[in-house]
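Good morning, colleagues. Please look at the sequence and the model on the screen while I take you through a few of its features.

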Amino acid sequence: METATHNLLKDYTLYLKLECGHSPNSIDAYLRDVDKLLSFLETEHITLQEITVDTLHRFMSLLSNIGIHPRSQARILSGIKSFYRYLTIEGKIEHDPAELVESPKIGFRLPEVLSIEEIDAILSAIDLSKDEGQRNKAILETLYSCGLRVSELITLRFSDLYFDEGFIRVIGKGDKQRLIPISSKAIHEIKLYYPDRNKIECKKGFEDTLFLSRRGTALSRIMVFHIIKELTELAGIKKNVSPHTFRHSFASHLLEGGANLRAIQAMLGHEKITTTEIYTHVNNQHLREEILAHHPWYNKAGFSPSFSADKK
């Protein structure tokens, strides 16, 4: 962080404490909101003084695109408005660009976010003695660790797994390909699923499909939905949980952990990353570092961020 910005944030912290009388927890929340904006501005090569209403609209649009709940968007915007009020009061800027930005409407509900403890509870509800137990565990680990759409999960193929490099290839909307970092934990559960997968007689055309039904065909979206619903009930969780809840939780947990917004957007499939970039493009390594640093699953005890597993 540049010295000028660092000093500005120190002065803003004192303002929040001494003039506004906020608690330490509230001050931390305000500073996190500003930090999200600063991270965005860095990727846009824009300074705090150069920011416009249009810049803030793009920032809010990005929050929406990565699945952040409107209520959380409104809270983040509130923190940014507070910061720009301070800059105006102190004469650091002449006009307040945040003043004209409206909070998002919160009349509709996006999928609820699961806590890490709730995700653990759902995983613990899986009966690994059943034929589909290990498959279901690998499915949920992959959904949460990679933030996949359910349509991307059910079409995942063995030829899409680049375990040595720590990535999977996903075919998203509009047949666009992207590469997503995958955790050692998810790799571990997928490899434990291999023996059960190999016992299934594949129907023609599904030989390369990773997750199979008992009939030897790809799983349907409805089947994945029912698997998750049943496990959620067994775990005693009352939230309305669907496959997309895991994707939404993936994005929310990364954002809460301080991950770069552009990196989250790319991992969710809003920016194209071609297959060959797994070997040549530095951005792929950056995305991997972002998810390793900020996804709570990657730092669980016993799971190293090293990707040395062999691909089947």
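Helices, as I shall use the word, are DSSP runs of H or I with at least four residues, numbered from the N terminus. One further point before we start: this is a predicted model.

Let me begin with α1, the helix that covers residues 3-19. Tyr12 and Tyr15 both belong to α1, where three residues, about one turn of the helix, separate them. Their ring centres are 6.2 Å apart and the ring planes meet at 20°; planes under 30 degrees apart count as stacked, and so this pair is stacked. Are these two tyrosines buried or exposed? Tyr12 and Tyr15 are both buried. They also belong to a wider group, since Tyr12, Tyr15, Phe83, Tyr84 and Tyr86 make up one aromatic cluster.

That brings us to α4, the helix of residues 70-89. Its 20 residues reach 28 Å from the first C-alpha to the last, close to the 28 Å expected at 1.5 Å a residue. After α4 comes Gly91, with a positive phi near 75°.

A positive phi also occurs at a residue that is not a glycine, namely His45, where the angle is about 60°. Where does His45 lie? His45 sits in the loop between α2 (24-44) and α3 (53-65). Its relative accessibility is 71%, so His45 counts as exposed.

I return briefly to the aromatic residues. Over the whole structure, a search finds eight aromatic pairs. One that I would single out is Phe158 with Tyr194. In this pair the ring centres lie 5.7 Å apart and the planes are at 55°, so the arrangement is tilted. The two partners come from distant parts of the chain, 36 residues apart: Phe158 from the loop between α7 (150-154) and β1, and Tyr194 from helix α8 (residues 184-199). Phe158 is buried, with a relative accessible area of 9%. Tyr194, at 8% relative accessibility, counts as buried as well.

Next, the sheet. Three strands make an open sheet, ordered β1-β2-β3, with antiparallel pairing. The edges are held by β1 and β3, each of which has a single partner strand, so one side of each is left without a neighbour in the sheet.

Consider β1 and β2 together. Strand β1 (residues 161-162) runs antiparallel to β2 and is joined to it by two bridges. Leu161 stands opposite Ile168 of β2. The hairpin formed by β1 and β2 has four residues between the strands, and Gly166 there takes a positive phi near 85°.

On to β2 and β3. How many bridges join β2 to β3? Five bridges join β2 to β3 (residues 177-181), and these strands too run antiparallel. Phe167 has Pro181 of β3 as its bridge partner. This hairpin has five residues between its strands, and Gly174, in the turn, shows a positive phi of about 70°.

Why may β2 be called largely enclosed by the rest of the structure? Four of the five residues of β2 (residues 167-171) are buried, so the strand is largely enclosed by the rest of the structure. As a general reminder, side chains in a regular strand alternate between the two faces of the sheet.

The description of β2 as largely enclosed applies to a helix too, α10, because 12 of its 14 residues are buried. Among the buried residues of α10 are Phe246, Arg247, His248, Phe250, His253 and Leu254. Helix α10 (residues 243-256) reaches 20 Å from its first C-alpha to its last, close to the 20 Å expected at 1.5 Å a residue. Gly258, which follows α10, has a positive phi near 100°.

Finally, I turn to the second largest pocket, which holds about 410 Å³ of space. Two elements, α6 (133-146) and α9 (221-234), each give two or more residues to its lining. The lining has 17 residues, and those nearest the centre of the pocket are Glu132, Arg135, Asn136, Ile227 and Glu230. Which element supplies the largest share of the lining? That element is α9, with six residues. By character, the lining comprises six nonpolar, four polar and seven charged residues.

Thank you for your attention.

Notes: Residues are numbered from 1 along each chain as its sequence is written. This is a predicted model: local features need pLDDT of at least 70, side-chain atom pairs count only at pLDDT 80 or more; totals for chains, interfaces and linings use all residues. Side-chain values use heavy atoms; hydrogens and water are left out. On a 1 Å grid over the protein atoms alone, a cavity is a set of points where a 1.4 Å probe fits but cannot get out, and a pocket is an open set with protein on both sides within 12 Å along at least five of seven lines; lining residues have an atom within 4 Å of a point. Grid points are joined across faces, edges and corners, and a volume is the space filled by probe spheres set on the points. Ala, Val, Leu, Ile, Met, Phe, Trp, Tyr, Cys and Pro count as nonpolar, Asp, Glu, Lys and Arg as charged, and the others, Gly among them, as polar. The expected span of a helix is 1.5 Å times one less than its number of residues. Buried means under 20% relative accessible area, exposed over 50%, partly exposed in between (1.4 Å probe, protein chains only). Two strands pair if DSSP finds at least two bridges between them. Rings of Phe, Tyr and Trp (its six-membered ring) pair if their centres lie within 6.5 Å; planes under 30 degrees apart count as stacked, over 60 as edge-to-face and the rest as tilted.
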